[in-house]
Each structure stands twice: as structure tokens, then as C-alpha cells.
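The following exercises are for a reader who is meeting this structure for the first time. Each task is followed by a solution in steps.

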Amino acid sequence: MKGVNHLKVFGIIVLIFMTLITVGYTMHNETLNPLPERVIKDGMSVVQTGYTGIVEGFKRFVTNVNDLFHTYEENKLLKQQLYNYESLNVYTNQLEEQLASLEETLETGLSLTSYDTINATTVMRNVDQWHDFMVINKGKKDGIETDMAVLSKEGFLIGKVITVNEVSSKVKLIKNQDFGSKVSALIDGKENSIGTVEGYDYMNDELVMTQVSKDVLVEPGDVVITSGLGGVYPRALLIGYVDRAEVSKDGLTQTLYLKGEKNYNNMDYVIVVKREAVVPNNG
């Protein structure tokens with residue numbers, strides 16, 4: 001048996017040792033990167049992080065702008081819907097008011113069964129003469145004539161026709177200080193109570209009835225109607241209600257102050273009294 005070659009064994013050990021040292025050094029160098037490489041890698045990381053932040057920020061900005069635009073459009077749509085709702089509500093209210101006016105006019109017309117009447121609509125009122133005149137949409141072709149009595153939709157006497165055209169007529173209101181026509185009137189249900197409505201008290205918003213006998217017991221709330229005398233106004237048209245009475249200076253008559261039609265500012269529908277209806281004689 002040959003003896004062990006110690007030189008070879010030593011060489012193998014040194015080779016193994018050198019291999020281990022080389023591997024360890026290499027692994028250590030991979031763990032600790034050189035400074036230039038670390039600077040490059042760190043710089044790239046910063047750039048990439050900044051780029052990513054910019055991209056994400058831009059995306060969020062675009063998203064926010066898009067959301068804001070949609071919110072604006074939704075608000076615009078909601079406002080339009082709200083406007084449409086309010087317009088519809090106003091239109092509905094107008095229709096309800098017109099319906100109520102027509103119903104009142106119909107009821108008043110039914111209560112005037114002894115007269116022929118014509119329903120009319122106010123088409124014009126002059127602001128400067130608001131309480132003096134109005135123009136209605138009925139004229140000669142509808143049978144309107146001058147001096148016909150005109151009532152409000154509530155049934156109060158408010159004036160008379162003074163001018164007639166083919167399709168329209170001008171009405172002089174009883175509140176006009178220059179009414180130009182006295183209205184023969186009486187207190188409903190009380191004898192010898194005939195007087196004359198011939199003025200208007202603007203301070204108290206009352207019609208003035210004069211020449212009523214002092215012997216007539218007048219009470220607040222008494223109903224004053226047309227007497228039918230004078231040939232202009234038919235009998236029993238409502239003029240107003242007694243508010244107060246004063247004895248005249250001569251002590252022989254009374255002056256009555258009447259509350260008549262209140263709604264002169266919204267005189268949309270009126271009733272023209274054509275004539276006293278003819279009642280057939282069946283006897």
C-alpha cells in the first residue's frame with residue numbers, strides 16, 4: 001500500500017478553502033451593492049414613484065372633473081324639473097281660480113232666473129282709470145246694448161254699458177265718481193225705503209245712498225237692491241249691504257253707506273243683464 005501524499009492533500013484543502021472564500025466574498029458583494037449602482041437604483045425608484053404619483057393625481061383630477069360635470073348636469077336637470085313643477089303648479093292654480101270664477105258666475109246666473117243674462121270676460125282695463133271703466137268681450141253681435149246693467153260674478157251691481165262695438169263693449173263702473181247715472185234703490189223687505197245711489201266714498205270704500213226717509217228703520221246688514229224705477233236697471237239687482245246710516249242736515253232723510261262688491265281688482269268675469277225675462281201668461 002502506497003503511502004498518503006501529504007502535498008496533494010494540502011493542495012486540495014487549500015483549493016476548497018479558496019473556493020469557500022471566493023463564494024463568501026461574492027455573496028457579500030451582491031448584498032452590498034456598489035455606491036453608483038445604489039444611486040442609480042434609488043434615483044430610478046424616486047422617478048418611478050413621482051411618475052406614479054403624477055399619473056394617479058391626474059386620474060383623480062379627471063375623475064373629480066367628470067363627477068363635477070355630472071353633478072352640474074344633474075343640478076341643471078333638477079332645476080329644470082323644479083321650474084316645470086312650479087310652472088305646472090301656477091298653471092293649475094290659475095285653472096282652479098278660473099273654474100271657481102266660472103262656478104260663481106253660473107250660480108249667480110241661476111239666481112237671476114227672472115232675467116236674460118250674458119256672461120262676459122274682461123279683456124282690458126286702463127291702469128289710470130282702473131276704478132272707472134272696463135272693456136268686455138261681448139258686443140252687438142251678442143245682443144249687448146247701451147245702459148244694460150253689469151254685475152260681478154258674485155252678483156253685485158258694478159256698472160252699466162256705455163259704448164257698444166261689434167265684438168266688445170265699454171262698461172262704466174259704479175265706483176266712478178262721475179258715474180253719470182243715479183241708481184234708484186230700496187232696502188229689501190222694508191216699505192217706503194226708496195232712495196238713490198249716486199256717489200262713492202273712496203275714503204271708506206262705500207257706495208252712498210241718499211234721500212231715504214228718516215222714518216225707515218235702517219240696520220247694519222240690510223240688503224239694498226235696485227227698485228226697477230227709472231227704466232235703466234231691472235228690479236232686485238243686488239247693490240250692497242248697509243254699513244251705517246246718518247241723518248241728513250235737514251233732518252228729513254237719511255244717507256246710507258253701503259258695502260258693495262269688494263273684488264274690483266280681479267274682475268275677470270262679469271254678467272250683463274239684458275232685460276227682464278218675459279213670463280208667459282198661462283192664466
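**Exercise 1.** Identify the bridge partner of Val197 in β8, and place the two strands β7 and β8 in their sheet.

*Solution.* In this predicted model, the partner of Val197 in β8 is Met209. The next step is to look at the strands themselves: β7 and β8 run antiparallel and are joined by five bridges. Both strands belong to a barrel closed by six strands, whose order is β6-β7-β8-β11-β10-β9. The pairing in this barrel is antiparallel. On average, neighbouring strands of the sheet are turned by 45° against each other, direction ignored.

**Exercise 2.** Determine which residues have the most contacts inside the largest nonpolar core, and list contacts of Leu258.

*Solution.* The largest nonpolar core has 40 residues. Val197, Ile239 and Leu258 are the residues with the most contacts inside this core. Leaving aside residues up to four places away in sequence, Leu258 touches a set of residues that includes both Val197 and Ile239. Met209, the bridge partner of Val197 in β8, is also among the residues that Leu258 touches. Further contacts of Leu258 include Asp205, Tyr241 and Asp243, and these three residues return in the exercises below.

**Exercise 3.** Establish where Lys175 and Asp205 lie and what their salt bridge ties together. Is Lys175 buried or exposed?

*Solution.* The closest N and O atoms of Lys175 and Asp205 are 3.6 Å apart. A salt bridge requires a distance within 4 Å, and the pair is therefore counted as one. Lys175 lies in the loop between β5 (169-173) and β6 (183-187), while Asp205 lies in the loop between β7 (195-201) and β8 (206-213), so the salt bridge ties together parts that are 30 residues apart in sequence. For the last step, the relative accessibility of Lys175 is 6%, and this residue counts as buried. Asp205, at 37%, is partly exposed.

**Exercise 4.** State how many salt bridges the whole structure has, and trace the network to which Arg244 belongs.

*Solution.* A search of the whole structure gives 13 salt bridges. Arg244 meets Asp243 in a salt bridge with an N to O distance of 3.9 Å. Arg244 also meets Glu246, here at 3.0 Å from N to O. Through salt bridges that share partners, Asp201, Glu206, Asp243, Arg244, Glu246 and Lys259 are joined into one network. The accessibilities can then be added: Asp243 is partly exposed at 33%, Arg244 is partly exposed at 27%, and Glu246 is partly exposed at 38%.

**Exercise 5.** Find the number of aromatic pairs and describe the pair formed by Phe156 and Tyr241.

*Solution.* The count comes to two aromatic pairs. The rings of Phe156 and Tyr241 are 6.1 Å apart, centre to centre, with 75° between their planes, and the pair is edge-to-face. Phe156 lies in the loop between β3 (149-152) and β4 (157-164), and Tyr241 lies in strand β10 (residues 238-247), so this pair ties together parts that are 85 residues apart in sequence. Phe156 is buried, with a relative accessible area of 12%, whereas Tyr241 is partly exposed at 35%. For Tyr200 and Tyr202, the ring centres are 4.7 Å apart and the planes stand at 75°, so this pair is edge-to-face. Tyr200 is buried at 12%, and Tyr202 is partly exposed at 36%.

How values were computed
Residues are numbered from 1 along each chain as its sequence is written. This is a predicted model: local features need pLDDT of at least 70, side-chain atom pairs count only at pLDDT 80 or more; totals for chains, interfaces and linings use all residues. Side-chain values use heavy atoms; hydrogens and water are left out. A salt bridge is a side-chain nitrogen of Lys or Arg within 4 Å of a carboxyl oxygen of Asp or Glu. Helices (H or I, at least four residues) and strands (E, at least two) are DSSP runs, numbered from the N terminus. Buried means under 20% relative accessible area, exposed over 50%, partly exposed in between (1.4 Å probe, protein chains only). A nonpolar core is a set of buried Ala, Val, Leu, Ile, Met, Phe, Trp, Tyr and Cys residues joined through side-chain atoms within 4.5 Å. Contact means heavy atoms within 4.5 Å. Two strands pair if DSSP finds at least two bridges between them. Axes are lines fitted to C-alpha atoms, for helices over the stretch in contact, and angles run from 0 to 180 degrees between N-to-C directions. Rings of Phe, Tyr and Trp (its six-membered ring) pair if their centres lie within 6.5 Å; planes under 30 degrees apart count as stacked, over 60 as edge-to-face and the rest as tilted.
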